[in-house]
Amino acid sequence: MDITEATANLSLNETRRREDVISWQDYFMAVACLAAQRSKDPDTQVGACIVNKDNRIISIGYNGLPNGYPDDEFTWAKKDKLYVCHAEMNAIVNKNCTDVKGCHIYVNLFPCNECAKIIIQSGISKVYYLSDEKNDKPKYQVAEKMFEVANIKFEKYVPTRRRIEIIF
Ligand SMILES: O=c1ccn([C@H]2C[C@H](O)[C@@H](COP(=O)(O)O)O2)c(=O)[nH]1
Ligand SMILES: [Zn+2]
């Protein structure tokens, strides 16, 4: 029996494929949100997912302490946040390829000015973000300005589904 005959012999149930799959963009934003769940910051958990033009994830990051920094000595007080490596920076430096030129970054929070600088210098061409809840603060307004001047596109991403559930 060749492959055509074999397929013809399958019942409708056996050939029916799932249509309700997660879209690429929902998937990338969900990966960023999942990465954020690794953050130990009690106030703000940020995740980032970098994707190339072939829809391949080339890096993931979240906000956390620098390598080797003693976890148990850190208070996560406002003044201590200066020590934290931001999600976008972690994703860019931890990439699994030589560069991120032309890639898109998915983040659950609009990037700050420091991350905007790194995003611009790295060659990332577009930022998708979920929330801009902090954009009344100068450093986020500066980031927006920098993206405009550097011609980096940014877009508030509206997921096509309300929730994505993972049940172990
Ligand atoms: O672009 C950003 C902005 C912030 N974060 C992380 C860093 C901290 O853990 C919290 C809060 O940052 P604030 O500077 O106090 O707003 O969010 C990030 O990862 N990326
Ligand atoms: Zn930042």
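Reasoning about His-86, Cys-112 and their surroundings

User: In this predicted model, why is Cys-112 called partly exposed?

Analyst: Cys-112 has 19 C-beta neighbours inside 10 Å. A residue is buried at 20 or more and exposed at 12 or fewer, with partly exposed in between; Cys-112 therefore counts as partly exposed.

User: Is His-86 buried or exposed, and how do you know?

Analyst: His-86 has 22 other C-beta atoms within 10 Å. The cut-off for a buried residue is 20 or more, so His-86 is buried.

User: Where are these two residues found along the chain?

Analyst: His-86 lies in the loop between strand 2 (57-62) and helix 4 (87-93). Cys-112 occupies the loop between strand 3 (104-109) and helix 5 (113-122).

User: What makes Cys-112 a contact of His-86?

Analyst: Two residues are in contact if their C-beta atoms lie within 7 Å. Leaving aside neighbours within four places in sequence, the contacts of His-86 are Val-46, Asn-63, Cys-112, Glu-114 and Cys-115. On the same basis, Cys-112 touches His-86, Lys-139, Tyr-140 and Ala-143.

User: Which residues does UniProt list under "binding site"?

Analyst: The unreviewed UniProt entry places that feature at His-86, Cys-112 and Cys-115. These residues are spread over 30 residues of sequence, yet they cluster in space, with a largest C-alpha distance of 9.0 Å.

User: Which residues come nearest to ligand 1?

Analyst: Of the 13 residues around ligand 1, the nearest are Thr-44, Val-46, Asn-63, His-86 and Cys-112. The shell holds 6 nonpolar, 3 polar and 4 charged residues.

Technical notes. Residues numbered from 1 in each chain as written. Chains lettered and ligands numbered in written order. Predicted model: local features only at pLDDT ≥ 70, side-chain atom pairs only at ≥ 80, totals over all residues. Near = placed C-beta within 6 Å. Nonpolar A, V, L, I, M, F, W, Y, C, P; charged D, E, K, R; others polar. UniProt positions renumbered as here; feature names shortened; annotations may be inferred. Helix = DSSP H or I, 4+ residues; strand = E, 2+ residues; numbered from the N terminus.
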